[in-house]
Amino acid sequence: MRTTVPPVACVGEPRLTAGFAEFGRLDLMAHGEVHGPAGPMEPAHLLRLAEAIELRGKGGAGFPFARKLRAVLESCARQDLAAVVVVNATEGEPASWKDKVLLTRAPHLILDGAALAAYALDAEEIVIGVADDDVGRPSLADALQERRMPVPTTIVTVPHRFISGEGGALVNGINGLPHIPPGTKKRASDSGVNGLPTLLSNAETYAQLAVAARLGPYEYAALGTDDEPGTVLLTVTGAAARPAVVECAAGTPLREILDLCEVPDGPGVLLGGYHGKWITPEAADRAEVSRTGLAAVGGTLGAGIILPLGRDTCPLGEAAQVVRYLAGESAGQCGPCRMGLPDLARAVDLAVSGSAPVEIVRAAAGDVKGRGACSHPDGTARFALSAMEAFAEDLRLHTTGEGCGRRVKGVLGLPGAPDANPQKLTLDWSRCDGHGLCAHVVPDFIRLDANGYPAFPSTPVPTWLREGALKAVKVCPELALRLARAE
């Protein structure tokens, strides 16, 4: 697991990253020198500020912060209950580092924003969720020792998994339940931590609120676009020669960010992370960094993740690795996740290996879209379909058996080291009698064709299906199925 925070860069005037060059990490004294004081605000004042600056959640969904705040205020009044403020700094997406940068270098901005919300809501508690990778917790704990918060403030550690950053999963974890999304969708503003109305938003969102409270809506809007004022934090890694967390004004040309990070020419750029979308190099040249600007070229801002590929990397192989990872990150509590995502991963593997047409991916994605207990199946399907569309020419080469001639290098930030012992299934056709037992043992990877014989991708068996594949080999009565090292 990577634990080194990447460098920080800024295009234009720094706000969230102000003072980094001078102080590195801003302790309370440096924080006050750089940002100045921030007094509490009444609910109506804070609502007007959030609405005036069009503040939206920076964790991926982009939900309007003012609507969340108003919903919690109304829920507290309706139920005659106190509120809880939750800061989601878990950053479960492996490729994202912007919140960890704030935790390690500007923790007081996050705490300022949470304190503003707590005062406006007359909350009884602030809870900050961080990942168990120990990257941001020490700095945050030090910051809490340096200051007095308006209400008791605690840090809760959650497993560093993709789904742990989902809002419902974080609330579950704080409440002592498994760190997975709830089986049914419910609003934290009605019943969240300890059953109380809960304001839950991303760490960068609270930091942006703290900046806006000091600047006011007009000065805050001096940067950015009319529709999306302010700045954006981006994590740029992938094939970038100079990976970095970059702060820029909304509306900055994407090409300027890519050039700053020395991104080489390549077949595509993934925007928004593993639940995001791929765009072509031509689209990247004309895109602007904002929700509307990236959507205009078929991308998405998401959690501000930018993952470019180099020309020496097989884009479809990289995408297939991510789909396998996402299938393994499932909470496993609903059909679309437990069965649909492994089926989607298998379909992508089959299409990439040239063993099946792209329609099999579309069908598998259609089976999970809109049916999950959370957004994980939808996001995974969106990613897979986007890859099939963006790399259609590569897919054609794979389908014809020529292949694209490029290796899978694992540049998309997946956790852990590459598989040191990749293995693939092989079949001795002179022995196979079509018993079909192997397909019953590991149906997520082996299926029976129209003639009743086993069919499976020629790609390595995903690590999370390795045990099942080994069982399939052992039950083959004719010893026709084998598991061997993939060369």
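In this predicted model, Val 127 of strand β3 stands opposite Thr 154 in β4, and this pair belongs to a contact between β3 and β4 in which six bridges join the two strands, which run parallel. On its other partner, strand β2 (residues 84-89), β3 is again joined by six bridges, and these two strands also run parallel. The points below begin with β3, then turn to a six-stranded open sheet, and afterwards to aromatic rings, charges over rings and cysteines.

**Strand β3 and its partners**

- Strands of a sheet pair through backbone hydrogen bonds, and they may do so either parallel or antiparallel.
- Along the pairing of β2 with β3, the bridge partner of Ala 89 is Val 130 in β3.
- Seven of the seven residues of strand β3 (residues 125-131) are buried, so this strand is largely enclosed by the rest of the structure.
- In a regular strand the side chains alternate between the two faces of the sheet. In β3, Glu 125, Val 127, Gly 129 and Ala 131 point one way, while Ile 126, Ile 128 and Val 130 point the other way, and all of them are buried.

**The six-stranded open sheet**

- Six strands form an open sheet with mixed pairing, and their order across the sheet is β1-β7-β6-β10-β8-β9. The strands β1 (8-11) and β9 (277-279) stand at the edges with a single partner strand each, so one side of each is left without a neighbour in the sheet.
- Neighbouring strands of this sheet are turned against each other by 25° on average, when direction is ignored.
- Strand β6 is joined to strand β7 (residues 244-249) by six bridges, and the two run antiparallel; within this pairing, Val 232 stands opposite Cys 248 in β7.
- To strand β10 (residues 305-308), by contrast, strand β6 (residues 231-236) is joined by two bridges, and these two run parallel. Thr 235 has Ile 305 of β10 as its bridge partner, and Val 236 stands opposite Ile 306 in β10.
- Six of the six residues of β6 are buried, so this strand is largely enclosed by the rest of the structure. Both of its faces are covered, with Thr 231, Leu 233 and Thr 235 buried on one side and Val 232, Leu 234 and Val 236 buried on the other.
- Helix α16 (residues 376-390) lies across β8 (269-271) and β9, and this helix runs at about 20° to β9.

**Aromatic rings**

- A search of the whole structure finds seven aromatic pairs. In one of them, the rings of Phe 162 and Tyr 274 have their centres 6.2 Å apart and their planes at 15°, so this pair is stacked.
- Phe 162 lies in the loop between β4 (153-158) and α8 (167-174), whereas Tyr 274 lies in the loop between β8 and β9, so the pair ties together parts that are 112 residues apart in sequence. Both Phe 162 and Tyr 274 are buried.
- Another pair, formed by Trp 429 and Tyr 453, is tilted, with 6.0 Å from centre to centre and 55° between the planes. Trp 429 lies in the loop between β11 (423-427) and α18 (437-441) and Tyr 453 in the loop between β12 (447-448) and β13 (454-455), so this pair ties together parts that are 24 residues apart in sequence.
- Trp 429 counts as exposed, at 52% relative accessibility, while Tyr 453, at 29%, counts as partly exposed.
- Phe 162 and Tyr 274 also belong, together with Tyr 325, to one aromatic cluster.

**Charges over rings**

- Arg 15 lies over the face of Tyr 220, at 5.3 Å from the ring centre, and Lys 100 lies over the face of Trp 97, at 5.2 Å from the ring centre.

**Cysteines**

- A disulfide is a covalent bond between the sulfur atoms of two cysteines. With a cut-off of 2.5 Å between the sulfur atoms, the count of disulfides comes to zero.
- The sulfur of Cys 261 is 10 Å from the closest cysteine sulfur, which belongs to Cys 248, and this is too far for a bond. Cys 261 counts as buried, at 1% relative accessibility.
- Cys 76 is also buried, with a relative accessible area of 12%.
- Cys 314 is found in the loop between β10 and α13 (315-328) and is buried, with a relative accessible area of 3%. Leaving aside its neighbours within four places in sequence, Cys 314 is in contact with His 398, Cys 404, Arg 406, Arg 407 and Val 408.

How values were computed
Residues numbered from 1 in each chain as written. Predicted model: local features only at pLDDT ≥ 70, side-chain atom pairs only at ≥ 80, totals over all residues. Heavy atoms only, no water. Pairing = 2+ DSSP bridges. Helix = DSSP H or I, 4+ residues; strand = E, 2+ residues; numbered from the N terminus. Axes fitted to C-alpha atoms, helices over the stretch in contact; angles between N-to-C directions. Contact = heavy atoms within 4.5 Å. Buried < 20%, exposed > 50% of the residue type's maximum accessible area, 1.4 Å probe, protein only. Phe/Tyr/Trp six-rings, centres within 6.5 Å; stacked < 30°, edge-to-face > 60°. Lys NZ or Arg CZ within 6 Å of the ring centre and 35° of its normal.
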